[in-house]
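Ready for a few short exercises? Have a look at the model first, then work through the tasks one by one.

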Amino acid sequence: MRALHAEWTKFRTVRGWVLGSVGAMLASVLFLLVGTASSNQHPQGVTALPVGPGGEAVNDSFYFVHQALTGDGSITVLVTALTGVLADPAGGPGGNTSGVTPWSKAGILVKESLDQGSPYAAMMVTGAHGVRMQNDFTHDRAGLAGSPSTAEPRWLRLVRTGRTVIGLDSIDGVRWTEVGAARLPEPATTVQVGLFVAAPAAVQASGGGSSSPATATGDFRRVTLSGAWGQAAGGWQGGQVGGDAGTSGSYAPGTIGGWTATTGEGFTVTGAGDIAPVVGGPALGPAFTVETFLVGTFVGLIVLTVVAVQFVTTEYRRGLLGQTLAATPHRSRTLAAKATVVATVAFAVGAAAATVSIPLGELRSHATHFAVLTVPTAVQARAALGTGLLLAATAVLSLALGVVLRRSATAITAVVAATVFPYLLAFGGMLPSGPAEWVLRLTPAAGFAVQQTLPRHDQVLSVYAPSSGYFPLSPWGGLAVLGTWSALALAAAAMLLRRRDA
């Protein structure tokens, strides 16, 4: 404790270090304002994205043939085909081709209301992923494999009992297999139940990650309602939920879904859009993420790197290290105390800057008519606190390299080259996707992954690459890589402090 108190006293009594720490926080916030000033201009404005039950931004646009039903019951349907059309993204004549996108969907759905973002449970066939049960946008379970056809149709069923909705599938309508279960908020609410079709855009990884509008058509036969739902049936109604396709990019001009009744209690339904969480990538469009508001972290990191390096190299330059070590004979304690001081200061600066930058960025985005991708409160808090941990680990790395190299300029250059430079190479598109991912797995730049708030979702097709803002590691996994580098550098510094600086 005495060594820690001595190092803290030393830090707070040097005005340059204190002002540098405060300046790092201010610079991070100001860089956000300056960096987004020119881009925050959208003349037509952007409608706010729907928010799902978990607090995440979602796409909730699809064609729905439905009835308002109350109480327990079930809906059963036989799906005999799923076809589609891929449109020319440029809208040119004759550019349409047949085919379904991998996550085109046709099936049955129970939804709390027609409001976008409301809870739901669905059983569906897909273009390339077999039968799935999905609910509340982020939950996805696999059922029967293969695509439906007249020769090999797929039976789908949803059974509601109280708050629980169970999804089942079958190949013959006799033997049923439970795929999963979901829970709706209230057991006695009136819900919407029926047939739906959605068709997310076709995404190409080449050409900068472009996307083509798409529609899908599902052929449904032997639609059966039972229980209280069947008794409450007041006739089928059809319409596009949401009126657009959100960020899925599949609602082309002039492409309007529809439905027709067929013989044998059947329907043919055509639709566009998607029911899924919003992800980054080529279809994101004019929308900002939490990561956008943390762009000033680079500036704060560089300033704090200078402060942390000089916290130790100044003593080398002025010949004061001998006095410090004489006052605290246990050299590892001295190094640990210095590391604790710079880590604590850096964490406070990073967390505070992020806590201010996120709401400030949201206000600025709304004022200039840009949509903001909402994320759950816990995810936003992790990004803010993670920013503090990112700067803390980098400050420790900087201090350790200051001990190892003993020269401010050399140590600062080494830290920037190991953290900021790899990040810019990977996310600036200067490296192919494969090498970029390895750079973000192996270098200290992996620590920036702790700021990522948009996760990968297997049920959403996108370009999950650094060029689209995605790290190859999880948030905590990336921070662990940076922490490992910092720990190794600190161990090397402790060894040299004992041997070289005796």
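**Exercise 1.** How many aromatic pairs does the structure hold?

Solution. Keep in mind that this is a predicted model. Going through the rings gives 18 aromatic pairs. Now take one of them, Trp8 with Phe11: the ring centres are 6.1 Å apart and the planes meet at 15°. Planes under 30 degrees apart count as stacked, so Trp8 and Phe11 make a stacked pair.

**Exercise 2.** Place Trp8 and Phe11 in the fold, and work out whether each is buried or exposed.

Solution. Start with the helix: both residues belong to H1 (residues 2–13), where they are 3 residues apart, about one turn of the helix. Next, use the cut-off: buried means under 20% relative accessible area. Phe11 has 3%, so Phe11 is buried. Trp8 has 39% and is partly exposed.

**Exercise 3.** Which charged residues sit over the rings of Trp176 and Phe311?

Solution. For Trp176, look to Arg157, whose charged end is 4.0 Å from the ring centre. For Phe311, the partner is Lys338, lying over the ring face at 4.4 Å from the centre.

**Exercise 4.** Compare the backbone at Asp136 and Arg406.

Solution. First, the background: most residues other than glycine have a negative phi. Asp136, though, has a positive phi near 50°, and Arg406 has one of about 65°. Then find the loops: Asp136 lies between strands E6 (131–135) and E7 (139–142), while Arg406 lies between helices H8 (377–405) and H9 (408–427). Finally, check accessibility: Asp136 is buried at 15%, and Arg406 is partly exposed at 36%.

Note on methods. Residues numbered from 1 in each chain as written. Predicted model: local features only at pLDDT ≥ 70, side-chain atom pairs only at ≥ 80, totals over all residues. Heavy atoms only, no water. Phe/Tyr/Trp six-rings, centres within 6.5 Å; stacked < 30°, edge-to-face > 60°. Helix = DSSP H or I, 4+ residues; strand = E, 2+ residues; numbered from the N terminus. Buried < 20%, exposed > 50% of the residue type's maximum accessible area, 1.4 Å probe, protein only. Lys NZ or Arg CZ within 6 Å of the ring centre and 35° of its normal.
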